[in-house]
Amino acid sequence: MRISGKSPVAASQSPVNPYESPATTLSHPVDLEGSATSNDIVTRNRFLSHETSLKGIGLLSYLGAAIIIPLSFLTLIGFLLGGMQQQGFPIVAVFVLFVYLAIGIGQIFVARGIRRLENWARIAIGVFAIPGLIGIPVGTLISAYILFLCFSKKGRYVCSPEYRQVVANTPQIQYKTSVVVWVFVAILVIFIGLGLIAICAGAG
């Protein structure tokens, strides 16, 4: 007895409908579980240099805090050793101490924020850089560069929630502190060192 019908191979080959919409093929993987898409990788690589520079400014802020906080105490000691006996000296010394401490502690919070690419920290870093523009020529160049990093279009985007999500999706992409930032660190250390030498010489 012969069983009529199509073979399995023939059945799988359905006729082509010329009026049927073509199937859509995704050119990029869909991010369903917070994993990186190819768009995330392209975006991260595009803005990585700016991200690295901003985080490097955070490193400078940490270094500044590490110097300013001890310097506040050294300043007070320098006043005492210098034999300043004018009226109101204790009040002035305590005021200077707390001003330096406030600046140092503030830099720690700002540095932590900018290394997390928080928008408020970007604005704070930029505001702190404005007085440095009067330090011609080195201070002017450094402050202008920091202002560019913070307030340029790239800087605003890098510190946005959208880009922070891109960073979270691409942990395999690591940043390295730029050479420019290391040069700024060296300059800052030199100037602070000269300042400490001046304070010690004055106290002596």
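## A tour that starts where two helices cross

Helix 4 passes helix 5 in a left-handed crossing. Select both of them to begin; keep in mind that what you have open is a predicted model.

**Stop 1: the crossing**

Colour R122, I123, I125, G126, V127 and A129 on helix 4, then S143, I146, L147, C150 and F151 on helix 5: these residues make the contact. Sorted by class, the contact of helix 4 with helix 5 has eight nonpolar residues, two polar ones and one charged one.

Now turn the view to look at how the pair lines up. Two packed helices are described by the angle between their axes and the distance between the axes. For helix 4 and helix 5, the axes come within 9 Å and cross at roughly 155 degrees. Because angles over 145 degrees count as roughly antiparallel, helix 4 is roughly antiparallel to helix 5.

**Stop 2: the whole chain**

Zoom out and show everything as a cartoon. How many helices and strands are there? You should find eight helices and zero strands, so to speak an α-α-α-α-α-α-α-α pattern as you read along the sequence. The protein has 204 residues, and 31% of them are buried. Try drawing contacts too: among those between residues at least 6 apart in sequence, 76% join residues at least 24 apart.

**Stop 3: the largest nonpolar core**

In soluble globular proteins, nonpolar side chains tend to be buried together. Here, the largest nonpolar core holds 21 residues. Select L54, I57, I114, I125, I146, V158 and Y163, the members that touch the most other members. Which elements give two or more residues to this core? They are helix 2 (38-81), helix 3 (89-115), helix 4 (119-129), helix 5 (138-151) and helix 7 (161-169). Helix 5 supplies the largest share, five residues.

Stay in the core and centre on I57. Set aside its neighbours within four places in sequence, and I57 is in contact with I125, I146 and L149. You have met I125 and I146 already: I125 of helix 4 and I146 of helix 5 are both part of the contact at the crossing.

**Stop 4: out to A168**

Last, pick A168, which sits in helix 7. Is A168 buried or exposed? With a relative accessible area of 53%, A168 is exposed, because anything over 50% counts that way. Then select D40 as well and draw a line from C-alpha to C-alpha: A168 and D40 are 9.7 Å apart in space, although 128 residues separate them in sequence.

Definitions and conventions: Residues numbered from 1 in each chain as written. Predicted model: local features only at pLDDT ≥ 70, side-chain atom pairs only at ≥ 80, totals over all residues. Heavy atoms only, no water. Core = buried A, V, L, I, M, F, W, Y, C linked by side-chain atoms within 4.5 Å. Buried < 20%, exposed > 50% of the residue type's maximum accessible area, 1.4 Å probe, protein only. Helix = DSSP H or I, 4+ residues; strand = E, 2+ residues; numbered from the N terminus. Contact = heavy atoms within 4.5 Å. Axes fitted to C-alpha atoms, helices over the stretch in contact; angles between N-to-C directions. Parallel < 35°, antiparallel > 145°, perpendicular 65-115°, else oblique. Left-handed = near helix turned anticlockwise from the far one by under 90°. Nonpolar A, V, L, I, M, F, W, Y, C, P; charged D, E, K, R; others polar.
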